[in-house]
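Subject: A structure for you to explore

Hi there,

I'm handing over a structure for you to look at. Please open it first, and then read my notes beside it.

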Amino acid sequence: MSSRGRVRDRRGRGMRGPAVYPPSLGGVRSLPPRPTRRERFDEIVLAIGTEVERRWTKELGPVEYAVEDTPLLPEDWGEQAAPLSSLVRGTPDRPHRMVLFRRPIEHRATGREELEALVLTLIVEQIADLLGIDADDVDPRYQGD
């Protein structure tokens, strides 16, 4: 049997998709890269953080958002759950810095909606802490436990 007439590969799984066909057979030269989990998480944090912060710009001052994979925990941390975020208060010459820990947050969320809700909750609670007000007053979408 000639290789031109084959419909299946030698393992019987069929022809490969258009991404691996040569361009002469209708394949694409290259597909755009898909965003990684880290990049999607960064986009969520930036979108939510910017939206919430916009309402409180005058009261807050500058806020930096950072994403770390995991928090650095001391050897004697024990069985407590890993923190999901951290807040470093700013000084007159340094902005406030809010750090969200991606892996523990993703571990607690079962889907994108829950992930976005958890990120919103963390950001709102940190901003409420900075402002010294109730988290319910920071954002109308906030739903405490």
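Let's begin with the largest pocket, whose lining has four nonpolar, two polar and four charged residues. (Nonpolar covers Ala, Val, Leu, Ile, Met, Phe, Trp, Tyr, Cys and Pro; charged covers Asp, Glu, Lys and Arg; the others, Gly among them, are polar.) A pocket here is an open set of points on a 1 Å grid over the protein atoms alone, where a 1.4 Å probe fits and protein lies on both sides within 12 Å along at least five of seven lines; lining residues have an atom within 4 Å of a point.

Please keep in mind that this is a predicted model: local features need pLDDT of at least 70 and side-chain atom pairs count only at pLDDT 80 or more, while totals for chains, interfaces and linings use all residues. Residues are numbered from 1 along each chain as its sequence is written, and side-chain values use heavy atoms, with hydrogens and water left out.

Which residues line the largest pocket? They are Arg37, Arg40, Phe41, Ile44, Glu106, Ala109, Thr110, Gly111, Arg112 and Leu115. Helix 1 (37–55) and helix 4 (112–131) are the elements that each give two or more residues to this lining. Helix 1 contributes the most, with four residues. (Helices, H or I with at least four residues, and strands, E with at least two, are DSSP runs numbered from the N terminus.)

Now step back to the whole protein. You will find five helices and three strands, and their pattern along the sequence is α-α-β-β-β-α-α-α. The protein has 145 residues, of which 28% count as buried (under 20% relative accessible area, with a 1.4 Å probe and protein chains only; over 50% is exposed, and in between is partly exposed). If you take the contacts (heavy atoms within 4.5 Å) between residues at least 6 apart in sequence, 55% of them join residues at least 24 apart.

Next comes the sheet. Its three strands make an open sheet in the order 1-3-2, with mixed pairing; two strands pair if DSSP finds at least two bridges between them. Strand 1 (63–68) and strand 2 (85–88) are the edge strands, each pairing on one side only. Strand 1 runs parallel to strand 3, and six bridges join them. Strand 2 and strand 3 (residues 96–101) are antiparallel, with four bridges.

Try following Leu100 in strand 3: Val67 stands opposite Leu100, and Leu100 is also the bridge partner of Ser85. Another residue of strand 3, Arg97, has Val88 opposite. How many residues of strand 3 are buried? Five of its six are, and the strand is mostly covered.

What lies on the sheet? Helix 1 lies across strand 1 and strand 3. Helix 4 also packs on the sheet, where helix 4 touches strand 1, strand 2 and strand 3.

One last residue to find is Glu114, in helix 4. Glu114 counts as partly exposed because its relative accessibility is 38%. Leaving aside residues up to four places away in sequence, Glu114 touches Arg108 and Ala109. Ala109 should look familiar, as this residue is also in the lining of the largest pocket.

Happy exploring!

How values were computed. Axes fitted to C-alpha atoms, helices over the stretch in contact; angles between N-to-C directions.
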